[in-house]
Amino acid sequence: MPSLAIIGAQWGDEGKGKITDYIDETADLIVRFQGGNNAGHTIKVGDKVFKLHGLPSGVVRKGNLAVIGNGTVVNMDELIEEMDQVVKAGGTLEGLRISDRAHLIFNYHKKLDGAEEKYRGNKVVGTTKKGIGPAYQDKIARIGIRAGDLLEDAPLKEKTDFILPYKKDLMSMLESEPCGCDCGTLYEKMKGWRDKIGGYICDTSVLINEALDSGKKVLFEGAQGAMLDIDHGTYPYVTSSSTCGGGICTGAGVAPNRIGKVVGCLKAYTTRVGEGPLVTELSGEAADALQKKGGEFGVTTGRGRRCGWLDLVVAGHASRLCGFTSLAITKLDVLNDYEELPICMAYRIDGKETRYFPASISRLQRAEPIYITMKGWKGWDDTESVVKGGYDALPKEMRTYVQFIENNLNVPADMISIGPDRKDTIDRKKDWWA
Ligand code: GDP
Ligand code: IMO
Ligand code: MG
């Protein structure tokens, strides 16, 4: 029953889409287990670029089952749009399955997301405004509508009649943009979703567990990253789901003893979108240069990503929480041609050193990074020939940088990514399922 998870080791956008796509060539099922279309996962195959939000990266390759698990939240209108785009771009939907227990995101969630942000004044989270937080609030408050509800007329009507007036009251209280929809219109709209999507809805926990029973290879595709986890991230500057390894069990409906390998997807430097602490953040020209070199602009919102040096306090926190068995280090090429590369080893807070990531935002705001400085390396002209040469063909100083990370985290860097394309990848493991 081989299974493998890919989880972001920082604040998202580490290149999970690329790494998932690379490994899923040998997988049978690819499962999204948390988050929603706040995610933006990029896959580049030659001239084709897929930007996936709610769909698992597995839809890019034919023959895979691509599962949207029970722990996710799904905006059906936007999913349908994304499905159309994927088909136009040459992807495939025959393997798509959506959990009957996944919660739905409605327009009122999106409007409430905006209204809550406005209400926070100068303490905004900087959400994607996709309605993620408000949809998860409804799930926890036991008033959400789930994908499986679309399949049953009477309960669906009953839930709609209850929820919409309630949400309208809440929206007027928060002075949100109003929602023009009435219960009848919303109910009809949901029946439209049933016609288009109903065939994909099933009990995906059974599907995944039966696949594991029969020896199929299951790949769990994380969204966001460990530092955006609702419990373990920089709360309250986080998303509303469990992005770490533990989220797989509840979000896919699999037992802990069915999770095999865990690949930590680690960007060679640090980025985050939205508000919240970022101890190694660069400013001014240095920040602009790294943002430009790395193309650090959000796939979902287009916002510029804040950039900083690699932070091993963050990576260590993520590795402990997720149990990384391998690292996939991405975007090393973006660090080409720097003279020197600082790596943050610890924080100094109120005169004391720590290697552990604090819970307190105010302590994080006072934290100063303690760096060691690595020697930089010269870039190359032809990525293809570097990839052909394998790990040993990489510049010596880059290998030292990689080895330093491996030694510090005590996890092997089994994959090295030096470009956005599927083929710009040095695979040091060969069999990811063994
Ligand atoms: P995800 O959310 O973790 O899937 O990452 P995103 O797709 O939001 O952002 C990663 C960006 O970096 C995308 O534009 C990828 O095409 C690109 N990318 C991924 N790996 C590499 C790499 O090794 N080098 C470079 N230069 N770009 C990469
Ligand atoms: P992928 O999967 C980077 C951030 C938002 C905001 C916070 C809360 O592409 O790595 P939300 O809309 O989830 O309530 O926003 O989380 N965020 C991400 N940042 N990558 C993502 O996904 C993100 N998904 C949410 O910017 O700071
Ligand atoms: Mg992204």
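## The pocket of ligand 2

The largest pocket is the space taken by ligand 2 in this predicted model. A pocket is an open set of points, on a 1 Å grid over the protein atoms alone, with protein on both sides within 12 Å along at least five of seven lines. A molecule sits in a pocket if more than half of its atoms lie within 2 Å of its grid points. Around ligand 2 there are 20 residues, and the closest are D13, K16, H41, T128 and T239; a residue belongs to such surroundings if one of its heavy atoms lies within 4 Å of the molecule.

Several polar contacts, which are pairs of N or O atoms within 3.5 Å, involve oxygen atoms of ligand 2. A polar side-chain atom of T128 is 2.5 Å from an oxygen atom of this ligand, and a polar side-chain atom of R303 is 2.9 Å from an oxygen atom of ligand 2. V273 takes part through its backbone, where a polar atom lies 3.0 Å from an oxygen atom of ligand 2. On its own, ligand 2 has 550 Å² of accessible area, of which the protein covers 97%; accessible areas come from the Shrake-Rupley method with a 1.4 Å probe.

## Ligand 1

Ligand 1 occupies the second largest pocket. It is surrounded by 18 residues, of which K16, G17, T42, D333 and S417 are the closest. Backbone atoms make two of the polar contacts: an N or O atom of G15 lies 2.8 Å from an oxygen atom of ligand 1, and a polar backbone atom of G40 is 2.8 Å from an oxygen atom of ligand 1. From a side chain, an N or O atom of R305 is 3.1 Å from an oxygen atom of ligand 1.

Taken alone, ligand 1 exposes 590 Å², and the protein buries 90% of that. The elements α1 and β3 each give two or more residues to the shell around ligand 1. The largest share, 3 residues, comes from α1. Helices (H or I, at least four residues) and strands (E, at least two) are DSSP runs, numbered from the N terminus.

## The magnesium ion

Which protein atoms are donors of the magnesium ion (ligand 3)? They are D13 (OD) and G40 (O), at 2.0 to 2.2 Å from the ion. Donors are N, O and S atoms within 2.8 Å of the metal (3.2 Å for Na, K and Ca); because water is not among the atoms, sites may look incomplete.

The two donor residues are 27 residues apart and link distant parts of the chain. D13 belongs to the loop between β1 (3–8) and α1 (16–23), and G40 to the loop between β2 (29–32) and β3 (41–45). G40 is buried, at a relative accessible area of 11%, whereas D13 is partly exposed, at 21%. Buried means under 20% relative accessible area, exposed over 50%, and partly exposed in between (1.4 Å probe, protein chains only).

## Backbone features

Most residues other than glycine have a negative phi, and most peptide bonds are trans. A cis peptide bond, with omega about 10 degrees, joins Y235 and P236; P236 lies in the loop between β10 (218–221) and α8 (246–252).

R142 is not a glycine, yet has a positive phi of about 65 degrees. R142 is in the loop between α4 (132–140) and α5 (153–173) and is exposed, with 75% relative accessibility.

## Basis of the values

Residues are numbered from 1 along each chain as its sequence is written, while chains are lettered from A and ligands numbered from 1 in the order in which they are written. In this predicted model, local features need pLDDT of at least 70, side-chain atom pairs count only at pLDDT 80 or more, and totals for chains, interfaces and linings use all residues, while side-chain values use heavy atoms, with hydrogens and water left out.

Definitions and conventions: A polar contact is a pair of N or O atoms within 3.5 Å; within protein, one must be able to donate a hydrogen and the other to accept it, and residues adjacent in sequence count only if both atoms are side-chain atoms. On a 1 Å grid over the protein atoms alone, a cavity is a set of points where a 1.4 Å probe fits but cannot get out, and a pocket is an open set with protein on both sides within 12 Å along at least five of seven lines; lining residues have an atom within 4 Å of a point.
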